[in-house]
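Reader: Please take one part of this model and go through it closely. I would like to know which charged side chains pair up there, and how they are placed.

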Amino acid sequence: MASSGAADKPRFHEGRLKPYPHEELSPSSDIGRAKDPVKYLLAAEQRARERQVAYETVRLLREDVIECYRREGVNYHENCKTQAEKYYELVKKKDLGQLHPNWKNPEKFDGW
């Protein structure tokens with residue numbers, strides 16, 4: 001039976017992505033007001049999309065590890081090491097490796 005080649009393609013992006021543009025709130029004189037509300041809402045939506053991409057990447061890697069464990073049986077320690085390490089490295093990152101913009105004050109946004 002011929003393979004379509006879809007199973008051979010990587011299921012997640014291996015490259016480096018650039019931070020997306022964002023709009024922060026205006027200086028402290030106008031507390032709670034964005035400089036440009038439209039740009040601020042677009043940036044908030046983009047952060048939500050980036051968070052969802054991070055969750056789905058973790059889910060796909062977890063599925064790969066589980067599939068490898070089931071396929072390899074007792075030899076999973078040797079044969080599934082790369083998948084398990086890749087999954088572990090992503091899970092231990094802050095926010096599961098979610099892409100963040102370059103904040104002016106990074107401490108303020110710790111934990112997003």
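Author: **Salt bridges along helix 1**

Arg 59 and Glu 63 are four residues apart in helix 1, so about one helical turn separates them. The model is a predicted one, and in it the side chains of Arg 59 and Glu 63 meet in a salt bridge, with an N to O distance of 2.6 Å. A salt bridge here requires a side-chain nitrogen of Lys or Arg within 4 Å of a carboxyl oxygen of Asp or Glu.

Arg 59 has another partner, Glu 56. The side chains of Glu 56 and Arg 59 meet in a salt bridge at 2.8 Å, again taken from N to O. Both residues belong to helix 1, which covers residues 37-72. Glu 56 and Arg 59 are three residues apart, about one turn of the helix.

How exposed are these side chains? Residues count as partly exposed when their relative accessible area falls between the limits of under 20% for buried and over 50% for exposed. Glu 56 has a relative accessible area of 31%, so Glu 56 is partly exposed. Arg 59, at 32%, is partly exposed. For Glu 63 the relative accessible area is 34%, and Glu 63 is therefore partly exposed as well.

Further along the numbering of helix 1 comes another pair. Glu 67 forms a salt bridge with Arg 71, and the closest N and O atoms of this pair are 3.6 Å apart. Glu 67 and Arg 71 are four residues apart in helix 1, so their separation is about one helical turn. Glu 67 has 44% relative accessibility and therefore counts as partly exposed. Turning back to the other residues, Glu 56, Arg 59 and Glu 63 are joined into one network by salt bridges that share partners.

As for the total, the structure holds five salt bridges, among them Glu 56 with Arg 59, Arg 59 with Glu 63, and Glu 67 with Arg 71.

One contact in space leads away from these pairs. Gly 97 and Arg 51 are 46 residues apart in sequence, yet their C-alpha atoms are 8.9 Å apart. Gly 97 is found in the segment after helix 3, the helix of residues 81-91. With a relative accessible area of 38%, Gly 97 is partly exposed.

Key: Residues are numbered from 1 along each chain as its sequence is written. This is a predicted model: local features need pLDDT of at least 70, side-chain atom pairs count only at pLDDT 80 or more; totals for chains, interfaces and linings use all residues. Side-chain values use heavy atoms; hydrogens and water are left out. Helices (H or I, at least four residues) and strands (E, at least two) are DSSP runs, numbered from the N terminus. Buried means under 20% relative accessible area, exposed over 50%, partly exposed in between (1.4 Å probe, protein chains only).
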